[in-house]
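Please look through the structure below before reading on. The paragraphs after it start in the interior and then work outward to the chain as a whole.

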Amino acid sequence: MDSLLNSTVFIVDDDPFTCSLYQKHLHNLGFSDTHLFHSGVDCLNNLHLNPAIVLLDHDMSQLTGFEVLKKIKRYDPDASVIMVSGQEDMATALDALKYGAFDYIIKGDTEVQRIEHTLYRLARLREMMSRRSKSLLGKLMPNG
């Protein structure tokens, strides 16, 4: 997970308590560059900060989580968006993944632990991809 700790993280939820809870948990994990947004519009207006990870609520006013997700992925296809929602509908979860979310987590008693688990999975995936890229680059570069 160390490779992710210097990442810029956006927490986007219209519930201030939820934002604070996620931020506190991320700080306890070692993340220091976190930004809280209480609307999708505020999040989108700050994409110039280049978040690597976005914890995104599905049900927000003005713009839905799907609308925000699509715009984030258009701005930066490599941003890892973790959709967090009270929606237990399978179609909603599948749509989130179809639009580019890294994972879909249903809010409940264990959401914070599931977010942590997802971040560990994300770190492992990025590490594997980095090693593969280096290996491929080594094969493509002439020996000198």
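**From the core to the chain**

In this predicted model, the largest nonpolar core is made of 21 residues. Those with the most contacts inside this core are Val 12, Leu 56, Val 68, Ile 72 and Met 83. Several elements give two or more residues to this core: the strands β1 (9-12), β3 (53-57) and β4 (80-85), and the helices α2 (40-44), α3 (65-75) and α4 (90-98). Of these, α3 gives the most, with four residues.

Val 12 is a useful place to look at the core in detail. Leaving aside residues up to four places away in sequence, Val 12 touches Phe 37, Ser 39, Gly 40, Cys 43, Val 54, Leu 55, Leu 56, Asp 57 and Met 60. There is also a second, separate core, with 19 residues. Val 9, Tyr 22, Leu 26 and Ala 52 are among its members.

Next, consider β3. How many of the five residues of β3 are buried? The count is five of five, and the strand is mostly covered. The cover lies on both faces of β3. On one side, Ile 53, Leu 55 and Asp 57 are buried, and on the other side Val 54 and Leu 56 are buried.

β3 also pairs with two other strands, β1 and β4. β1 and β3 run parallel and are joined by four bridges. Here Ile 11 stands opposite Leu 55 of β3. The pairing of β3 with β4 is parallel as well, and it extends over five bridges. In this pair, Leu 56 has Met 83 of β4 as its bridge partner. To get from β3 to β4, the chain passes through α3, and this β-α-β crossover is right-handed. Leu 56 and Met 83 were already named above, among the residues with the most contacts inside the largest core.

Now step back to the protein chain as a whole. How many helices and strands does the protein chain have? There are five helices and five strands. Read from the N terminus, their order is β-α-β-α-β-α-β-α-β-α.

The remaining values describe the whole chain. The protein chain has 144 residues, and 42% of them are buried. Among contacts with a separation of 6 or more, 63% are between residues 24 or more positions apart. The accessible surface of the protein chain is about 8200 Å². Carbon and sulfur atoms account for 53% of that surface.

Technical notes
Residues numbered from 1 in each chain as written. Predicted model: local features only at pLDDT ≥ 70, side-chain atom pairs only at ≥ 80, totals over all residues. Heavy atoms only, no water. Core = buried A, V, L, I, M, F, W, Y, C linked by side-chain atoms within 4.5 Å. Buried < 20%, exposed > 50% of the residue type's maximum accessible area, 1.4 Å probe, protein only. Contact = heavy atoms within 4.5 Å. Areas by Shrake-Rupley, 256 points an atom, 1.4 Å probe, with all protein chains shown as cover. Pairing = 2+ DSSP bridges. Right-handed = clockwise from strand over helix to strand, strands pointing away.
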